[in-house]
Amino acid sequence: MIHHVQLACPRGSEEASRAFYAGLLGMTEKPKPPALAARGGCWFTGHGAELHLGVEDDFRPARKAHPALLRPDLDDLAARLAAAGHPVTWGDGELPGMRRFHTHDAHGNRLEFLAPVGD
């Protein structure tokens, strides 16, 4: 079982992370332990996942590697993301039994969201 997935973000981008992960995705920010909070970044939890955004001084977004997150509100989420300027790319029929799309977070990291067919 996975405890969390960490994605990189640029230094000073915590507000953009909060707007995307808490605001658009509806996740809850989780307080970081004080020793780790000094490093910057943010942690988020919700919808059965925990994501940590960690500061990387030589930041480059993950363009291929990505977490794949199950979401029952797939269509509503895709509409919210697209309306907020985060285009979605649907992968129809590529993964049997699943509907899915990809998008990018506020820092350009690739994300996949999926739901079983029929949900």
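Two strands count as paired if DSSP finds at least two bridges between them. Keep that rule in hand for this tour. The model on your screen is predicted.

**Stop 1: the whole span**

Select residues 1–116. UniProt, in an unreviewed entry, places the feature "domain: VOC" here. The span is 22% helix and 34% strand. Now mark its two end C-alpha atoms. They lie 20 Å apart.

**Stop 2: an open sheet**

Select β5, β8, β7 and β6. These 4 strands form an open sheet, in the order β5-β8-β7-β6. The pairing is mixed. Which strands stand at the edges? They are β5 (68–70) and β6. Each has a single partner strand, so one side of each is left without a neighbour in the sheet.

Next, colour β7, residues 98–104. Strands β7 and β8 run antiparallel, and 7 bridges join them. Pick out M98 as an example. Its bridge partner in β8 is P116.

Now add helix α3, residues 74–83. The helix packs on this sheet and touches β6, β7 and β8. Its direction makes about 20° with that of β7.

**Stop 3: T89, on an edge strand**

Select T89. Strand β6, residues 89–90, holds this residue. Is T89 buried or exposed? It is exposed, with a relative accessible area of 53%. The cut-off for exposed is over 50%, so T89 qualifies.

Which residues does T89 touch, beyond those up to four places away in sequence? Show R100, F101 and H102. Take R100 and draw a distance from T89, C-alpha to C-alpha. The two residues are 11 apart along the chain, and those atoms are separated by 8.6 Å.

**Stop 4: E112, in β8**

Move to E112. This residue is found in β8, residues 110–116. Its relative accessibility is 5%, and buried means under 20%, so E112 counts as buried.

Show the side chain of H102 as well. The side chains of E112 and H102 make a polar contact at 3.4 Å. H102 is also one of the residues that T89 touches. Set aside the residues up to four places from E112 in sequence. What remains in touch with E112 is H66, P67, A68, L69, R100, F101 and H102.

**Stop 5: strand β4 and its partners**

Select β4, residues 49–55. This strand is mostly covered, with 6 of its 7 residues buried.

Add β1, residues 5–9. β1 and β4 pair in the parallel sense over 5 bridges. Find Q6, then look across to β4. H52 stands opposite Q6.

Add β3, residues 42–46. This time the strands run antiparallel: 5 bridges join β3 to β4. One place to look is F44, whose bridge partner in β4 is L51. β3 and β4 form a hairpin, with 2 residues between them. Click on H47 in the turn. H47 has a positive phi of about 55°.

Now zoom in on G54, which sits in β4. G54 counts as buried at 12% relative accessibility. Leave aside its neighbours within four places in sequence. G54 is then in contact with Q6, L7, A8 and C9. How many residues apart in sequence are G54 and L7? They are 47 residues apart, yet 6.2 Å apart in space, C-alpha to C-alpha.

**Stop 6: two cysteines**

A disulfide is a covalent bond between the sulfur atoms of two cysteines. How many disulfides does the structure hold? It holds 0. Select C9 and C42. C9 is in no disulfide, and the nearest cysteine sulfur, that of C42, is 6.7 Å away. A disulfide needs sulfur atoms within 2.5 Å, so this pair does not count. C42 is likewise in no disulfide. C9 is buried, with a relative accessible area of 1%. C42 also counts as buried, at 0% relative accessibility.

**Stop 7: helix α1**

Finish on α1, residues 14–24. Show E14, S17, F20, Y21 and L24, which are buried. What do the buried residues of α1 pack against? Turn on β1, β3, β4, α3, β7 and β8 to see the partners. Then step just past the end of α1 to G26. G26 takes a positive phi of about 75°.

Terms used: Residues numbered from 1 in each chain as written. Predicted model: local features only at pLDDT ≥ 70, side-chain atom pairs only at ≥ 80, totals over all residues. Heavy atoms only, no water. Buried < 20%, exposed > 50% of the residue type's maximum accessible area, 1.4 Å probe, protein only. Contact = heavy atoms within 4.5 Å. Polar contact = N/O pair within 3.5 Å; in protein donor to acceptor, adjacent residues only side chain to side chain. UniProt positions renumbered as here; feature names shortened; annotations may be inferred. Axes fitted to C-alpha atoms, helices over the stretch in contact; angles between N-to-C directions.
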